[in-house]
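Biologist: Could you take me slowly through the surroundings of the ligand in this model, and then add what you can say about the aromatic rings? I am in my first year, so please go one step at a time.

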Amino acid sequence: MTARQAHPKVVRTIDELRATVGDWQAVGKIVGVVPTMGAIHGGHLALVDAARRHADKVLATLFVNPAQFGEGEDFSVYPRNEEDDLTRFGAAGTDLVFIPDVGEVYPDDYSTSVRVDGLSDRLDGVFRPHFFGGVATVVAKLLLQTNADKAYFGEKDYQQLLIVRRMARDLDIPVEIVGVPTVREPDGLALSSRNAYLSPDQRAIAPNLHRLLLRVADQVRGGVRSGSAAAELATADLIGAGFDAVDYVAVCDAETLEPIEELTRPGRVLGAAHLGRGRLIDNVPISPAGG
Ligand code: AMP
C-alpha cells in the first residue's frame, strides 16, 4: 500500500516521467495511470482508488488537452487549479503526477492524429466532431509516454471509454483499459468538473438527466416502450424539466453503440443536454437480465 502524502511527486517532462516509471518497472512494480484534465473531484478519485487496488504504483496525468476542444468551447475557461488537484491526488494516495505543458505534448511541428472510425461517429461525435479524435490522440500519447500497465477511465464518459479501449487494441498498445462506474451526487447527478458552471437553479434541474435516463432504461427493459419511443419521450421531458436543448437521448448496444429498439443484449442509455453554460452527459446500463 502506498503511503498517503500531502503532495505527490510531480514531473513535467516525458524524460522525467519515463525515468521514474522505468525505475518502478525495473523492480517489477505494476503501474496504473489515471488520465485527467484536472479540477479533481470524487469521480477522478474513484479511478485513483481502483488503480490503488490493482496496481503497485499510481500515476495521474493532468493535462487540459487543447485538441479535444472545438471553436467556441470552454478550453480557455476550463477550471484549472493545480495546487488543489495535487492536494486531492496526494490525499488519495497517488504516487506521481505528470503535468506536461502544451509544448511538451504537441511540439510546434506536431502533425499526427489518431482516429477511431465508427465508434467516434455516433452520439457525442455528431455534436462534437473534433472531440474523439483529440481524445484518442492524446490518450494514445499518454499511454505510450507513461508505459503504464493499466489505465483507468470513467464510465461517466462511456463512449470515450469504448473508443479508448478500441484504440489501444487496434494500435497494440500493451495496456489494460479498466472502466470504473460513475460516481454521483446523492441526487443522482454525475460528478463532473463542468458542474461548476451550473447556477443554483440549474443545479436543481440537472439531476433530471440521470432520472430520465433511468426511466428510459426501465421502459425498454419492461417492454413498455421501444428504444426510440422512450428516448423521444425523455427528450421532451428534459426540455419540460428546464434543459435548454437536448443533443441526444439514445438506447444503444453497449459495445457497438448502434441504436437498439429492444433489449436482446446488454445496452446503454446515453444522453447529452445543455443547461446554461453547461453541457451535461450521462449514461446508465441496461441489461435484459434486469441489470
Ligand atoms: P476529465 O478530467 O473530465 O477528462 O475526466 C478524467 C477521467 O475521470 C475520465 O476517465 C472520466 O470518465 C473520469 N470521470 C469523470 N467524472 C467521473 C465520475 N463522475 N465518475 C467516474 N469517473 C469519472
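Modeller: In this predicted model, an oxygen atom of the ligand is found 2.6 Å from an N or O atom that belongs to the side chain of Asp157. A second side chain takes part as well, since a polar atom of His44 lies 2.9 Å from an oxygen atom of the ligand. With Met37 it is the backbone that matters, for one of its N or O atoms lies 2.9 Å from a ligand oxygen atom. Taken on its own, the ligand has 490 Å² of accessible area, and the protein covers 93% of it. Strand β2 (31-36), helix α2 (42-54) and strand β5 (150-154) are the elements that each give two or more residues to the shell around the ligand, and α2 provides the largest share, with three residues.

Looking at the shell as a whole, you will find 17 residues around the ligand, and Met37, His44, Asp157, Val183 and Leu191 are the closest of them. Sorted by character, the shell holds eight nonpolar, seven polar and two charged residues.

Strand β2 also contains Gly32, which counts as buried because its relative accessibility is 0%, under the 20% cut-off. Between the C-alpha atom of Gly32 and that of Ala136 there is a separation of 18 Å, while along the chain the two residues are 104 residues apart.

Now to the aromatic rings. A search of the whole structure finds six aromatic pairs. One of them joins Phe69 and Tyr78, whose ring centres are 5.9 Å apart and whose planes stand at 75°, so this pair is edge-to-face, an angle over 60 degrees being what that name requires. Both partners can also be checked for burial: Phe69 counts as buried because its relative accessibility is 9%, and Tyr78 is buried too, with a relative accessible area of 7%. Elsewhere, ring pairs link Phe63, Tyr106 and Tyr110 into a cluster.

Rings can be examined together with charged side chains as well. Arg80 lies over the face of Phe75, at a distance of 4.9 Å from the ring centre, and Arg277 is placed over the face of Tyr197, at 4.4 Å from the centre of that ring.

Notes. Residues numbered from 1 in each chain as written. Predicted model: local features only at pLDDT ≥ 70, side-chain atom pairs only at ≥ 80, totals over all residues. Heavy atoms only, no water. Near = heavy atom within 4 Å. Polar contact = N/O pair within 3.5 Å; in protein donor to acceptor, adjacent residues only side chain to side chain. Areas by Shrake-Rupley, 256 points an atom, 1.4 Å probe, with all protein chains shown as cover. Helix = DSSP H or I, 4+ residues; strand = E, 2+ residues; numbered from the N terminus. Nonpolar A, V, L, I, M, F, W, Y, C, P; charged D, E, K, R; others polar. Phe/Tyr/Trp six-rings, centres within 6.5 Å; stacked < 30°, edge-to-face > 60°. Buried < 20%, exposed > 50% of the residue type's maximum accessible area, 1.4 Å probe, protein only. Lys NZ or Arg CZ within 6 Å of the ring centre and 35° of its normal.
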